[in-house]
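Here are some short questions and answers on a protein model. Look through the sequence and the structure before reading on.

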Amino acid sequence: MHKLLARQLRKAAHGSPDGAVDLSRLIAMVDLAYEEADQERRLKDRALDVMQSEIGEMSRRVVEEAEARFNLLMDNVGEAVVVIDGSGRIEAFNSVAENIFGHVAEEVRGQNISMLMAPDLGVKHDFYLRYSADHNGGGVLEQGGRELWGIRKSGEVFPTEITVGEVASVTHRQFIGVIRDVTLRRQVEAELRESESRFRDLAGSASDWFWESDAEHRLTFVSERIGSVLGVKPSAILGHTWFETGLDEQADLAVSHRNDLTGRSAFRDLIFTVGPPEGKDRKVIRLSGIPIFAADGTFSGYRGVGADITREAMAVQQAIRAQQQLRDAIDSISDAIAVYDANEQLVICNQAYAETLDRARAFLIPGISFEQALRKGHENRLFDIGNQDFDHWLIGRLERFRTADGHSFVLKLTDGRWVQSRECPTREGGVVAVRTDITRMKRREEDLDRLRQRYELILDSAGEGIIGLDESGRVTFANRMAGEIIGRAASSMIGQCFYCLIRADAGNCDGACPPTESPVVEAYLSGTPGQISGEVFRNNDQRAIPVDFFVAPMTEEGRQEGAVLVFRDATLRLQYERTVEEQQHELERLVAERTGELQREIDIRTRTEVALRGSRERLKGITDSLFEGVLVVDREGYVSFANPSAKQLLECGDQGEDIEGYPLDLLLRIRTPLGDVAFKDAPFRQVLKDNFVLRDDDATFVTASGKPLSVAYACSPLGEDEERRSAVISFRNTEALKKAQRDALQASRLASVGQLAAGIAHEINTPIQYVGDNLRFIDDSLNKLMSAVAAGRELAAEGKSHPTMEAPVAKFEAAFSKAKVPFLLAEVPAAVSESLDGVGQIARIVLSMKEFSHPGTSTKTMTDINRSLDSTLTVSHNVWKHGAEVVRDFAPDLPPVLCHAGELNQVFLNLIVNATHAIEASGKPLPGRIAISTLRDGEYVVVRIVDNGTGVPASIRERIFDPFFTTKEVGKGTGQGLAICRDVVVSKHGGSMEVTDNDGGGAIFIVRLPINGGGGLGAEK
């Protein structure tokens, strides 16, 4: 059936409910077509008469003008032009060719073209020319734009680019070659490839990424490194600004950066965060850039580098948090503590340290040197240095600070307080200063001194005689009253034998006096304490003095060292007892106060130990809850701590099993290119030895079972003394990360292939346009040629009656019969028409592929749903053409929808492919039927896709939109298609998607999309 008749039949049946043809409408359309054809034929007949009179003159002028243009072109063209005949002999050689090859035209005319080619190419060229002549116009060597090697007159071989065209006539065949010397271009291309390779190597090996932006500050280029940092493909952020990426979330920083951009000034170390605020993928990046200006001075954009500093930022936060914890810990200590570094500058001090010196809080700030602090203290009159010169006192004080040995010393302040200071050195060369306010202690010492003086005064003023005796009975102490009672000066009694003093008839003795009947002598010689009344002393005047006395022995480590003798007149006994009782009460009060102070110190120490245990438990709880494995290894390679994650990753059996104390080599080894290494050769040992932090994001542990485990680990030394130094090893399993990277790389490759295919299809447009234009020109020209041929036939018929024209007429008739002109005149227009239809179909396929593969934008755009469905059907035509017949019923007044066009194209494609597969799996005769319709329903656009396939059973209808649910056999389908479709329609567009049964068997998928975008993700206000 002719295509025109088929179209008229479809138009005559359009609008009929049962598809019947309206005969009256069909006859009217056929009649109109015949009238148009008759009118067109009459016009062509009138034009033929005019054409016959002009065709001869036109042919002559065309030949003359063509020869003139060819000669002018040969003389003025910028490339070398060489014309050869069918046997390869040179017929024309322009001036540019003379300059390139070094030959003049007269030298090469008539010579074979192979003289201008490399020897091997010349032989091949001669062969293909002979082959072409033998096979009536077969292919000629290197037609089209190709690169060949030419040879100059000097013998130099050089690269050329040649384009060959053929000019054939009935009697003569020519080839025209346009030749360019591409030596310089080859050199430039080689240098460019080397430069590009160098740049790619540098960009690929760098940890940072490179970027460029246009004058609107939108990214036009980012290197591949950004994908591993931000987790997105570089193409995903092209066209966006850094403000859209996350900089706008930090308002002050964004305003400052906009000022830099407005001023076209370079910027460095622009730091901001990218990603969700609380997400684990949140990154901290640092940007630097310089402005780019064109040759005329106009601003072109920025070029710069970016870096991922998330770890550095986290380290800074952890350092700040650790410093705050240290400050809180120091502030919670009652003693005053300050830390100075190796440069004698204050690092940190607690509140108590600043309060030990009144008015010192204003200048005791981190960074002040110890000498400056002393000078500031002297200016504020804080130290009581007596009559000393301050410079001399300062030298001594600095000397004590610089030779800190931990010994305590006392400082007196001008406000009357006393401070005990102790300064200890640190391993880094700094000093830790500890101050304790001992004003109360000092005052107690002064009270004790005053009390001792008072006791001495009391003893001297007491009414009893008090004498201290050594083990031999000699006097070591005597108060004034003892001297008065005995009748001697108290000082003269020191060293005298007490027995000789109280017995006037006893002579002086050099040794200990033997025991006598005197109870006093027996008491202190026997070491038996006792109180005796009625003893009689003899004074120096031989007067008997009745006394009451008490003797108490003094022992040291179970050995008697002497005795204390207290005696008095009996009349003074009561007064003496009261005095002793008061003294005892005073001593008891002092002891009670000291006991209370000791108890408070014990309570403080107890609370400190409880807090330390709580801190240790919290630290253990934190490590137990970490996903990363944590091991603590001593310098001998034995495990001293392992959290549950480490036990699980290393497959140590039951996680509750205690592995502390085991050698690390029993749990893991590190895999290297040279083999698996033990602890003694592992990098962990070097960390303990050289005291540095080691990180490796791509390592392999070998567990005790021999299983390799891909990990990223960090190893750092613990800050302990040299004898107890340990290393902390934290590691995590990177198998999932590597798999995700491989999947992302594969997805990126597939996306690139898809975009490349769409780009290649788009490139087809240009040659297709050439072919279409030329076909339309041929179609128009055929009508004219048909008129000319008809006129020639009439002329030949008239010429038969003239004897002189018989030979030309016979020759014309023979050529006319040989060329089969009637057949050509009948078939060529049809072939041209079919070719134009094919070109139109190719253009539609290319346009549909271009629209379907368009990557879209991050924001919604107004989209024609009918056109999106047409594009999707065209792209998927190869899928459904053998299995189904597609019926379109699109509403012509359908409004555009605010949506993500690319994602909706994917939804429609999935539904059409699923419908085709359902039809093929149903077992029904093929082709099946897929009906696609659109309509407007209020503020929604409704898309219905109906098939007569297998349908969706009620038992699984509620689960078909679940992720990974599929009815296809194993290996076909992923179970993600409908889940993704529903997410796109519902979550991103605020629409709905449902499935129902088709009355004729099969399923109906109904997609409802809000016209205004529905407020989904990416909707524009």
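Q: How many bridges join strand S23 to S24?
A: In this predicted model, strand S23 covers residues 668-672. It runs antiparallel to S24, and the number of bridges joining the two is 3.

Q: Which residue in S24 stands opposite Thr-672?
A: Strand S23 spans residues 668-672, and strand S24 spans 675-677. The residue of S24 that stands opposite Thr-672 is Gly-675.

Q: Which strands stand at the edges of the sheet?
A: The sheet is open, has 7 strands with antiparallel pairing, and follows the order S22-S21-S27-S26-S25-S23-S24. An edge strand has a single partner strand, so one side of it is left without a neighbour in the sheet. The strands at the edges are S22 (639-642) and S24 (675-677).

Q: What angle does the direction of helix H21 make with that of S26?
A: Helix H21, residues 683-690, packs on the sheet. The strands it touches are S21, S23, S25, S26 and S27. With the direction of S26, the helix makes an angle of about 5°.

Q: Is Ile-485 buried or exposed?
A: Ile-485 lies in helix H16, residues 480-486. Its relative accessible area is 7%, and the cut-off for a buried residue is under 20%. Ile-485 is therefore buried.

Q: Which residue in the turn between S1 and S2 has a positive phi?
A: Strands S1 (residues 80-85) and S2 (residues 90-93) run antiparallel and are joined by 3 bridges. They form a hairpin with 4 residues between them. The turn residue with a positive phi, about 95°, is Gly-88.

Technical notes
Residues are numbered from 1 along each chain as its sequence is written. This is a predicted model: local features need pLDDT of at least 70, side-chain atom pairs count only at pLDDT 80 or more; totals for chains, interfaces and linings use all residues. Side-chain values use heavy atoms; hydrogens and water are left out. Two strands pair if DSSP finds at least two bridges between them. Contact means heavy atoms within 4.5 Å. Axes are lines fitted to C-alpha atoms, for helices over the stretch in contact, and angles run from 0 to 180 degrees between N-to-C directions. Buried means under 20% relative accessible area, exposed over 50%, partly exposed in between (1.4 Å probe, protein chains only).
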